[in-house]
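Hi everyone, thanks for making time. I'd like to walk you through a structure that will be new to most of you, so let's get it up on the screen.

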Amino acid sequence: MSAEIVIAHLYPREMSIYGDLGNVIALRKRLEWRGYDVVVRPVEVGEPVDLTGADIVFGGGGQDSGQLVIGADLLARGESLRALAASGTPMLVICGTYQLFGHGFTTIGGSELPGISVLGARTVGSTVRMIGNVVVESPFGRLVGFENHSGQTTLDPGQEPLGTVTKGHGNTSTGHAEGARTMNVIGTYLHGPILPKNPRLADHLILTALNRRFGVTELAPLEDAVEHRAADVAAQRPQ
Amino acid sequence: MPLWFTLAVTKAAAMSSRLLGRGGGHALPGLIAERLDPGLAGRLAARLPHGVIMVTGTNGKTTTTKLIASILEASGERVLTNSTGSNLKRGVTSALISAAHLSGRLDATIGLFEVDEASLRRVTGELKPDHIVVLNLFRDQLDRYGELDTTAALIGEGIAATTAQLYLNADDPLVASLSRYAPRADLVHYFGVEELPPDAPDVPQTASDSDRCPVCRSRLVFSRTFYGHIGHYRCPTCDFARPTPDVEVTEVTSADASGSRFTVAVGGERTAVVFPLAGTYNMYNALAATSLAHGCGIAPAGVAETLSTTVAAFGRVEELTLGGRTLFLLLVKNPVGLTQVLETFVSRESAPHVLFAISDLDADGRDVSWLWDVPMEALIPADAVVLTTGIRGADMTLRLHYAGIAADEVDDFTVAVERLVREIPVGGTGYILPTYTAMLAIRKMLAQRTSMQEVWR
């Protein structure tokens with residue numbers, strides 16, 4: 001029996017929009033290509049799931065209505081997610097889930113959706129829809145993706161962003177910060193989906209997980225020619 | 001400003017646009033008219049003696065509009081329509097202008113317009129449609145509209161501004177829930193499907209677009225799912241449930257790549273239909289057209305006869321022959337549409353030949369993320385011969401790579417199609433799946449090489 005990695009997929013029914021499912025596909029295939037077995041464990045509203053065995057946690061974007069549906073359930077899982085984050089579990093959360101991994105989201109109507117404060121970020125709804133291709137400089141190299149949000153996300157003092165936008169908006173319509181990163185938890189607005197076209201980021205999550213579970217210190221390289229070509233095309237597209 | 005003057009200016013603009021080779025002049029006259037005389041479209045539409053029909057929804061607008069046009073023409077109407085997919089307000093206005101004499105007289109008896117979901121509210125107040133058909137609501141080009149619930153609310157606004165007869169898809173919860181925007185309950189008519197054949201292929205469902213109750217947000221319970229979130233549903237918490245259809249497909253006796261045979265019940269009357277467009281999604285388009293026709297007083301027997309002789313709308317399902325091979329041109333624009341096309345045409349073939357042409361201009365939808373919401377792994381046979389092209393052909397190659405399918409990427413549309421034809425054995429069949437602008441480019445190129453009709457006639 002080969003070694004197994006467990007991916008916890010937060011709310012695939014409510015929070016899986018704009019191809020964010022592709023991130024789970026990318027993590028799975030890149031692990032399988034390297035000889036690991038992968039178990040994807042969906043975490044749905046109201047369903048008891050023990051998160052402690054999760055090697056990687058993923059949550060995608062959704063409609064505003066989806067955020068409303070998952071809000072209370074996510075809060076109830078807040079403590080175990082914060083504990084996982086504090087112990088170094090790699091996590092990737094996108095758009096709507098990114099917002100709720102911060103302190104909370106104040107909608108344009110003024111209602112308050114509390115978050116679980118894994119990341120030092122607060123989001124306020126706005127009338128500006130930030131839509132288009134995005135290029136980010138980050139510790140994981142150039143990242144490409146597509147953003148589509150009206151939430152303006154401000155980082156706490158001392159909260160590191162994921163990177164700096166060189167094209168597109170990122171966290172706010174006025175600044176240059178994109179996403180947030182605390183230990184191995186990464187929040188971002190990038191759809192695209194982000195991982196298939198940014199394999200270095202995908203492999204960072206994978207190596208972190210393999211290191212924690214099996215003490216692996218190096219990944220077998222993949223060719224990644226198709227990945228890089230698609231990323232180069234995406235980087236050249238107008239905002 | 002006199003009517004003839006606006007008409008003369010806008011008609012001249014359309015003509016020069018065509019002469020300059022900038023397309024068919026399907027938008028420019030409307031754009032100019034909106035500046036010169038914002039009420040023009042409404043004044044022209046008011047001259048149509050049998051009124052105005054509008055068709056909206058995510059998938060199937062063009063095909064359904066074409067089916068309705070054929071049905072109306074067979075019943076003796078002269079139909080004014082925006083037939084080439086120019087479905088924003090300016091496209092509707094342009095169609096009216098191009099059909100008008102300088103005096104403002106229209107030869108047509110009835111107006112039939114496909115209208116973009118977000119544009120509906122911009123045209124209903126002014127054109128006062130007598131009938132509105134809403135087909136379905138799926139994620140599509142959300143970079144333009146924001147979110148699906150927003151799109152539904154925009155359509156609702158458009159409906160609320162009229163006293164039109166409404167024809168709603170009973171099997172789409174979000175569409176059925178639009179009845180609440182109707183000013184009166186007796187204006188609402190539903191169409192739906194009772195049951196698909198048991199041997200319909202089991203397509204794995206990706207995250208559903210709309211499986212929450214539009215009223216109370218509880219998760220809907222589905223007793224039948226036909227595709228995407230289309231099926232029979234009820235809310236376990238509140239009293240929202242699939243309404244009983246007025247016009248219904250009661251039985252599907254066969255469904256394959258050559259089309260469907262089914263029975264439609266209108267009132268107590270049952271009519272057998274042989275419909276040559278393949279796919280469950282196209283059966284719904286035929287059903288929507290039948291429902292509308294019933295509302296216009298056209299008998300189902302006449303409708304069935306027209307449906308049996310139908311040909312597909314521009315680029316939606318076109319079949320042509322090139323170099324002794326049969327090519328299908330099948331427009332794709334969103335996950336549910338592409339899933340349906342692959343399921344209908346590609347998934348059941350052995351070693352199918354497929355060319356994906358994926359672009360990301362405005363008319364295609366600028367975000368190509370949706371390619372990852374299609375279960376390619378289950379829908380494309382492992383022995384398929386697959387090519388990719390288009391501005392974002394590389395994204396498609398990448399998506400297929402992660403589905404375990406090796407695809408060859410070709411930069412140029414013409415080279416890609418030639419390569420596809422060479423790969424197909426003589427007498428064989430291939431499938432070209434383009435997004436909108438890629439479809440226009442490929443169609444133009446094919447029109448020069450085959451007997452296909454030129455687009456901008």
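Let's start right in the middle of things: find Phe262(B), which stands opposite Val273(B) in β11(B). One thing to keep in mind while you look is that this is a predicted model.

So which strands are we looking at here? Strand β10, residues 259-266 of chain B, is joined to β11(B) by seven bridges, and the two run antiparallel. As a general reminder, strands of a sheet pair through backbone hydrogen bonds, either parallel or antiparallel.

Now zoom out to the whole sheet. Nine strands of chain B make it up, in the order β2-β3-β1-β4-β5-β6-β9-β10-β11; the sheet is open and its pairing is mixed. At the edges you find β2, residues 79-81, and β11 of chain B, each of them pairing on one side only. Going from one strand to the next, the twist averages 20 degrees.

Two helices to point out on this sheet. Helix α5, residues 89-99 of chain B, packs on it and touches β2 and β3 (110-114) of chain B, with a direction about 135 degrees from that of β2(B). Then there's α11(B), which also packs on the sheet, touching β10 and β11 of chain B. The direction of α11(B) makes about 10 degrees with that of β11(B).

Let me stay with α5(B) for a second. Why can we call it largely enclosed by the rest of the structure? Because nine of its 11 residues are buried. Those in α5(B) are Lys89(B), Arg90(B), Gly91(B), Val92(B), Thr93(B), Ser94(B), Ala95(B), Leu96(B) and Ile97(B).

Back to the edge strand, and one residue there. Val274(B) sits in strand β11, residues 269-275 of chain B. Is Val274(B) buried or partly exposed? It's partly exposed: 16 other C-beta atoms lie within 10 Å, and a residue needs 20 or more to count as buried. If you leave aside its neighbours within four places in sequence, Val274(B) is in contact with Arg261(B) and Ser308(B). For a sense of scale, take Pro434(B): Val274(B) is 160 residues from it in sequence and 28 Å from it in space, C-alpha to C-alpha.

Next, the helix pair. Helix α10, residues 280-295 of chain B, packs against helix α11, residues 300-308 of chain B, at an angle of about 145 degrees, and the axes are 10 Å apart. The crossing of α10(B) past α11(B) is right-handed. Who makes the contact? From α10(B) we have Ala286(B), Thr290(B), Ala293(B) and His294(B), and from α11(B) we have Pro300(B), Val303(B) and Leu307(B). By type, the residues of that contact are five nonpolar, two polar and no charged.

OK, chain B as a whole. Chain B has 16 helices and 17 strands. It has 457 residues, and 54% of them count as buried. Looking at contacts in chain B between residues at least 6 apart in sequence, 70% join residues at least 24 apart.

How is chain B divided up? The domain assignment gives domain 1 as 3-308 and domain 2 as 318-449. The C-alpha centres of those two domains of chain B lie 27 Å apart. Where they meet, 18 residues of domain 1 of chain B are in contact with 19 residues of domain 2 of chain B. On the domain 1 side, that's eight nonpolar, seven polar and three charged residues.

Now over to the chain contact. Chain B puts in 25 residues and chain A puts in 30. On the chain B side, the elements giving two or more residues are α7 (142-145), α8 (148-160) and α14 (393-401) of chain B. Which one gives the largest share? That's α14(B), with five residues. The chain B side as a whole divides into nine nonpolar, five polar and 11 charged residues.

Last stop, chain A. Six strands form an open sheet there, ordered β2-β1-β3-β4-β12-β11, and again the pairing is mixed. β2 (37-43) and β11 (180-182) of chain A stand at the edges with a single partner strand each, so one side of each is left without a neighbour in the sheet. Neighbouring strands in this sheet are turned by 15 degrees against each other on average, direction ignored. Inside it, strand β4, residues 91-94 of chain A, runs parallel to strand β12, residues 185-188 of chain A, and four bridges join them. If you want one pair to look for, Met91(A) stands opposite Val185(A) in β12(A).

That's the tour, thanks!

Methods:
Residues are numbered from 1 along each chain as its sequence is written. Chains are lettered from A and ligands numbered from 1 in the order in which they are written. This is a predicted model: local features need pLDDT of at least 70, side-chain atom pairs count only at pLDDT 80 or more; totals for chains, interfaces and linings use all residues. Two strands pair if DSSP finds at least two bridges between them. Axes are lines fitted to C-alpha atoms, for helices over the stretch in contact, and angles run from 0 to 180 degrees between N-to-C directions. Two residues are in contact if their C-beta atoms, placed from the backbone, lie within 7 Å. Ala, Val, Leu, Ile, Met, Phe, Trp, Tyr, Cys and Pro count as nonpolar, Asp, Glu, Lys and Arg as charged, and the others, Gly among them, as polar. A crossing is left-handed if the near helix is turned anticlockwise from the far one by less than a right angle, and right-handed if clockwise. Domain bounds come from an automatic or database domain assignment. A residue is buried if 20 or more other C-beta atoms lie within 10 Å of its own, exposed if 12 or fewer, and partly exposed in between; C-beta atoms are placed from the backbone.
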